[in-house]
There are 2 protein chains.
Amino acid sequence: MAIRHSILALLQDKARYGYELRSEFEARTGAVWPLNIGQVYSTLDRLERDGLVTREGADGEGHVIYSLSPAGRDEIGGWLSTAVGREAPPRNELAIKLSLAATLPGTDLPAIIQEQRGASLAKLQELSQLRKDVSGAPRTADTARLIVLDSLVFQLEAELRWLDLCEARLVHTGQIAAVLPDAGPAAAG
Amino acid sequence: MAIRHSILALLQDKARYGYELRSEFEARTGAVWPLNIGQVYSTLDRLERDGLVTREGADGEGHVIYSLSPAGRDEIGGWLSTAVGREAPPRNELAIKLSLAATLPGTDLPAIIQEQRGASLAKLQELSQLRKDVSGAPRTADTARLIVLDSLVFQLEAELRWLDLCEARLVHTGQIAAVLPDAGPAAAG
DNA sequence: CGACACATGTAACACGTTACATGATTTG
DNA sequence: CAAATCATGTAACGTGTTACATGTGTCG
């Protein structure tokens with residue numbers, strides 16, 4: 001529902017056309033979460049069908065303009081004033097993967113964890129650099145970008161700490177041997 | 001693709017039937033990420049169509065058993081040995097919401113942040129309690145559950161820290177006034 | 001003129017959710 | 001016997017992705 005509501009939020013500011021909605025969305029979430037233009041149009045169709053937006057004729061340049069209906073104004077007001085539900089968090093593919101790998105035979109858990117650490121760390125460094133670049137000249141659109149980047153950085157940092165914890169837990173339950181920096185030959189399974 | 005691969009992972013252990021696959025999945029991700037039984041059957045249909053699983057006749061109790069094909073074994077091997085891609089992280093509704101709210105007029109940012117803090121904190125406490133219960137007697141299935149719970153707890157803690165940062169950033173850019181614990185009357189917008 | 005950005009769509013497909021239908025077996 | 005659990009499906013719908021089709025305007 002994020003896209004649906006994002007479109008309503010942007011229309012709350014003023015009436016806009018499809019292509020413009022994508023531009024405004026991507027100006028904020030940018031390279032991180034691109035938005036397919038086809039989805040904008042089909043979402044606008046559904047929003048009109050549901051009575052949340054109204055399709056105006058043209059705007060002088062011939063653009064197909066959409067504006068918020070009263071029902072749409074209610075909807076977006078509710079979205080903004082109500083917290084994003086954390087009762088049913090979206091599935092986390094990585095958590096599912098480790099959860100399965102840890103309880104099924106024939107998986108190399110330390111390798112999986114190490115592999116993931118590499119990927120997550122690489123992305124974290126890339127994001128940190130991006131954040132540094134963006135925070136240089138904080139224009140209006142960059143405020144939005146910073147918020148998104150901060151979010152991703154915090155999530156990735158948490159992911160890395162979680163990977164450490166998983167490794168520690170598995171050592172503790174004896175599922176894998178502790179990996180010491182300069183370990184000599186240890187007893188293998 | 002998480003469900004698709006989870007089913008393959010469970011089949012790697014041994015041949016199973018639909019209902020059993022759901023049970024095994026939910027034994028690990030449990031109350032957090034329930035799995036609709038209908039989706040199991042339709043996913044199995046697609047997996048069979050794609051040649052990743054083979055539908056065996058019955059198993060003595062009359063169950064519709066599926067087993068991994070060689071192609072399926074390759075597929076799940078690849079999934080387990082390759083890190084979950086962090087290049088295109090899934091959209092975060094909350095990050096999008098704050099990003100939009102911070103750059104559109106007519107939004108009460110402090111209220112949104114405070115509202116979210118309440119919801120996230122409540123969920124965090126619920127999860128912490130759950131984690132305490134589960135970690136009491138670490139049976140095999142509980143290892144999987146713990147991994148999932150740890151993941152959620154870490155993500156929520158990161159979310160709360162991120163909310164603090166957002167507030168601080170907005171104070172810094174002058175978008176909102178600093179909220180002090182025992183603040184007297186301050187200049188309002 | 002050719003490439004690229006602007007602009008609006010449609011179609012096919014994958015994935016996910018909810019609800020419905022149907023029947024066997026188990027348990028109070 | 002009634003209710004719950006086990007077990008296998010189908011149908012409708014919403015959301016999201018990718019690719020395709022089409023046409024205008026601008027810039028080198």
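**Domains, chain pairing and DNA contacts in a predicted model**

In chain A, the C-alpha centres of domain 1 and domain 2 lie 31 Å apart. The model is predicted. Domain 1 of chain A covers residues 2-81, and domain 2 covers residues 93-172. Six residues of domain 1 are in contact with six residues of domain 2. The area buried between these two domains of chain A is about 470 Å². Carbon and sulfur atoms give 76% of that area. Zero salt bridges are found across this interface. One residue pair is in polar contact there, with both residues at pLDDT 80 or more. The side of domain 1 that touches domain 2 has three nonpolar, one polar and two charged residues.

The interface of chain A with chain B was examined next. Chain A and chain B bury about 6300 Å² between them. Of this area, 64% is on carbon and sulfur atoms. On the chain A side, the most area is lost to chain B by Trp33(A), Arg86(A) and Arg91(A). Together these residues account for 12% of what that side buries. The contact takes 68 residues from chain A and 69 residues from chain B.

Polar and charged pairs also link the two chains. Between chain A and chain B there are 26 residue pairs in polar contact, both residues being at pLDDT 80 or more. The salt bridges between chain A and chain B number four. Side chains of opposite charge can pair when their charged atoms come close. Arg86(B) and Glu159(A) form one salt bridge, and their closest N and O atoms are 2.7 Å apart. Several helices of chain A give two or more residues to the side that touches chain B. They are H1 (2-13), H2 (18-29), H4 (70-81), H5 (93-101), H6 (109-134) and H7 (140-172). The largest share of that side comes from H7(A), with 20 residues. By class, the chain A side has 37 nonpolar, 16 polar and 15 charged residues.

Over all chains, the salt bridges come to 28. Within chain A, the side chains of Glu126(A) and Lys123(A) meet in a salt bridge, with an N to O distance of 3.3 Å. Both residues, Glu126(A) and Lys123(A), lie in helix H6 of chain A. They are three residues apart, about one turn of the helix.

The surroundings of DNA strand C come next. This strand is surrounded by 17 residues. The closest are Tyr41(A), His63(A), Met1(B), Asn36(B) and Gln39(B). Of the atoms of DNA strand C within 4 Å of the protein, 71% belong to sugar or phosphate. The rest belong to bases. Three residues of chain A illustrate the phosphate contacts. A polar side-chain atom of His63(A) lies 2.8 Å from a phosphate oxygen of DNA strand C. At Val64(A), a backbone N or O atom lies 3.0 Å from a phosphate oxygen of this strand. The side chain of Arg91(A) has an N or O atom 3.3 Å from a phosphate oxygen of DNA strand C. Arg91(A) is also one of the residues that lose the most area to chain B. Helices from both chains contribute to the surface near DNA strand C. H2 and H3 of chain A, with H1 (2-13) and H3 of chain B, each supply at least two residues. The residues of this surface divide into seven nonpolar, five polar and five charged.

DNA strand D has 17 residues around it. Met1(A), Asn36(A), Gln39(A), Tyr41(B) and His63(B) come nearest. Sugar and phosphate make up 70% of the atoms of DNA strand D that come within 4 Å of the protein. Side chains from both chains approach its phosphate oxygens. In chain B, a polar side-chain atom of His63(B) lies 2.8 Å from a phosphate oxygen of DNA strand D. For Tyr41(B), the distance from a polar side-chain atom to a phosphate oxygen of this strand is 2.9 Å. In chain A, an N or O atom in the side chain of Arg46(A) is 3.2 Å from a phosphate oxygen of DNA strand D. H1 and H3 (37-49) of chain A each supply at least two residues of the surface near DNA strand D. H2 (18-29) and H3 (37-49) of chain B each do so as well. This surface has seven nonpolar, five polar and five charged residues.

How values were computed
Residues numbered from 1 in each chain as written. Chains lettered and ligands numbered in written order. Heavy atoms only, no water. Contact = heavy atoms within 4.5 Å. Buried area = accessible area lost by both parts, 1.4 Å probe. Polar contact = N/O pair within 3.5 Å; in protein donor to acceptor, adjacent residues only side chain to side chain. Helix = DSSP H or I, 4+ residues; strand = E, 2+ residues; numbered from the N terminus. Nonpolar A, V, L, I, M, F, W, Y, C, P; charged D, E, K, R; others polar. Near = heavy atom within 4 Å. Domains from an automatic or database assignment.
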